[in-house]
Amino acid sequence: MKEIDRDKQAIDFDDEIDLRELFFILVQGKRMVAYVTAFLVIIGIIYSLYLPNIYQSEALLAPVDESSSLIGEALSQYSGLAGLAGINLPTGETGSNSKKAIELMNSLNFFEKYIMPKIFLPDLMAVDSWDDEKNIIIYDDSIFQKDTNTWVRDFSYPQKLIPSAQESFEIFKNDNLSVLEDNKTKYVSLSIKHQSPVIAKEWVQIIFEEVNFFYRQKDKESSEKAVIFLNKQIADNSYSEIRQATASLLKKEIQKLTLVEANKDYVFEYVYPPSVMEEKIMPNRYIIVFLSLLLGVFLGVIVVIFRHYLFLSRKNEVEKIVS
C-alpha cells in the first residue's frame, strides 16, 4: 500500500514539473504567441472589412381566417347541396391555403413563374456591393455589365450564360429567403436578406402580393368554372328541387367571386409590413475579430510548444550521435 502511495506521489510530482515546465516554455515563447496572434487578428480585421453588409427586411403575416369569412360560411352551409348536385367545394378550413402557401413560397415553380419575372435578375446573381449614398447596386463586371446590359460570366454545363431559374432559385432560397411559421400563433415570418435594404423590402412585398394573387386567381378560376357548370345544370334540369338547390349554390358561388375580387389579402394579411432597415444584420465584425484573437492565441501556443519539443528532440539526437 505504501509503495502505491509513493508511486502516486511521484506521478503527481512529475505532472507538477511538466506544468511548470510548460509555463516557462510559454513565457519564453510569448513573443511568438504575440506575433501569431497579431497576424491572425490583422487577417480577421481585413476579412471582416471585406465582407459586405447584409440587411434583412421582415414582415409578419397572419393567415386569413377562412372559416370566419362569408366564403367559408357559405361553403360549409351548402356543401351538402353541392354533393347532391355532384360538385365538390372547398371545406373552408382555417388556414388551409396558408399551410400550402408556406410550401409554395419555398418552391421552384412559384419562384420561376411569379418571383423571377418581377425582379431584376442581376440583383440576385451579380451583386458586388451597394452604394448607400446613391442607393444603387454596383454589379460584378466579370458577371454582368450594366452599361450594355449583358451577361459575361464564365460558366460550365449545366449552367448557362444567363442564369436559369433552377440556378437562381438555389441562390435565392439558400442566401436570401426565409419563411418561418410560429406553431403557437400560426403567424408566418417572411424575410429577405440582401446587400440593399431597399431591394430586401421590395422582394418581401413581391412575395406577399404574388402568393395572395396565386390563391385568389386559383379560387376565382374554380368558382368561374362552377358558375358555368351550375348554370348549365339549371338549364338542363327540369326538377324544381334540384333547380332550387343548384340556384342556391350558384348564388353562393357568385358571392364567393365577389369576395375574391374584393379581398386583395386573400391568404395572408400583414401583422406588420416590411421596412427598409438602417441597421445591418450581418456580418458581426466584432465577433470575427474576437474569434481571430482566440485562434491566434491557440495557434501561437501550439507553435511555441511544438517548436520547443522539436528543438529538444533534435538536440537529443545530436547528443546521441556525438556520444
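Contact here means heavy atoms within 4.5 Å. The model shown is predicted.

**View 1. The whole chain, a predicted model with eleven helices and eight strands.** The protein chain has 323 residues, and 34% of them count as buried. About 21000 Å² is exposed. Carbon and sulfur atoms supply 57% of that area. Take the contacts between residues at least 6 apart in sequence: 75% of these join residues at least 24 apart.

**View 2. Phe172 and its contacts in the largest nonpolar core.** This core holds 44 residues. Phe172, Ile207 and Phe268 touch the most other members. Helix 9 (residues 197-236) gives the most to the core, with ten residues. Set aside the neighbours of Phe172 within four places in sequence. Phe172 is then in contact with Phe111, Ile115, Leu124, Leu177, Ile192, Trp203 and Ile207. Another core lies apart from this one. That second core has six residues, among them Val227, Leu230, Leu250 and Leu257.

**View 3. The buried residues of helix 8 and what they pack against.** Helix 8 spans residues 165-176. Its buried residues are Ala165, Glu167, Ser168, Phe169, Phe172 and Asn176. They pack against helix 6 (108-115) and helix 7 (122-125). They also pack against strand 6, strand 7 and helix 9. In an α-helix there are 3.6 residues a turn, so residues three or four places apart point the same way. Among the buried residues here are Ser168 and Phe172, and also Phe169 and Phe172.

**View 4. Strand 7, paired with strand 1 and with strand 6.** Strand 7 (residues 188-194) is mostly covered, with six of its seven residues buried. Strand 1 (residues 55-63) pairs with strand 7 in the antiparallel sense, over seven bridges. Ser57 stands opposite Ile192 of strand 7. Ile192 also appears among the contacts of Phe172. Strand 6 (residues 177-181) runs antiparallel to strand 7 and is joined to it by five bridges. Val179 stands opposite Leu190. Ser178 has Ser191 as its bridge partner.

**View 5. The hairpin turn at Lys186.** Strand 6 and strand 7 form a hairpin with six residues between them. Lys186 lies in the loop that links these strands. Its phi is positive, about 70°, although Lys186 is not a glycine. Most residues other than glycine have a negative phi. Is the Lys186 side buried, exposed or partly exposed? Lys186 is partly exposed, with a relative accessible area of 36%.

**View 6. Asn135, a second residue with positive phi.** Asn135 sits in the loop between strand 2 (127-131) and strand 3 (136-139). Its phi is about 55°, and Asn135 is not a glycine. The relative accessible area of Asn135 is 39%, so Asn135 counts as partly exposed.

**View 7. Two cis peptide bonds, each leading into a proline.** Most peptide bonds are trans. The bond from Tyr157 to Pro158 is cis, with omega near 10°. Pro158 is placed in the loop between strand 5 (150-151) and helix 8. The bond from Met282 to Pro283 is also cis, with omega near 0°. Pro283 is in the loop between strand 8 (268-272) and helix 11.

**View 8. A nonpolar surface patch that includes Phe290.** Six named residues form the patch: Ile287, Phe290, Leu291, Leu293, Leu294 and Val297. Together they have about 520 Å² of accessible area. Phe290 is found in helix 11 (residues 285-322). Why can Phe290 belong to a surface patch? Patch members need over 30% relative accessible area. Phe290 has 48%, so Phe290 passes that cut-off and is partly exposed.

Notes. Residues numbered from 1 in each chain as written. Predicted model: local features only at pLDDT ≥ 70, side-chain atom pairs only at ≥ 80, totals over all residues. Heavy atoms only, no water. Patch = residues over 30% accessible without salt bridge, like charges linked within 9 Å, V, L, I, M, F, W, Y side chains within 5 Å. Areas by Shrake-Rupley, 256 points an atom, 1.4 Å probe, with all protein chains shown as cover. Salt bridge = Lys/Arg side-chain N within 4 Å of Asp/Glu carboxyl O. Helix = DSSP H or I, 4+ residues; strand = E, 2+ residues; numbered from the N terminus. Buried < 20%, exposed > 50% of the residue type's maximum accessible area, 1.4 Å probe, protein only. Core = buried A, V, L, I, M, F, W, Y, C linked by side-chain atoms within 4.5 Å. Pairing = 2+ DSSP bridges.
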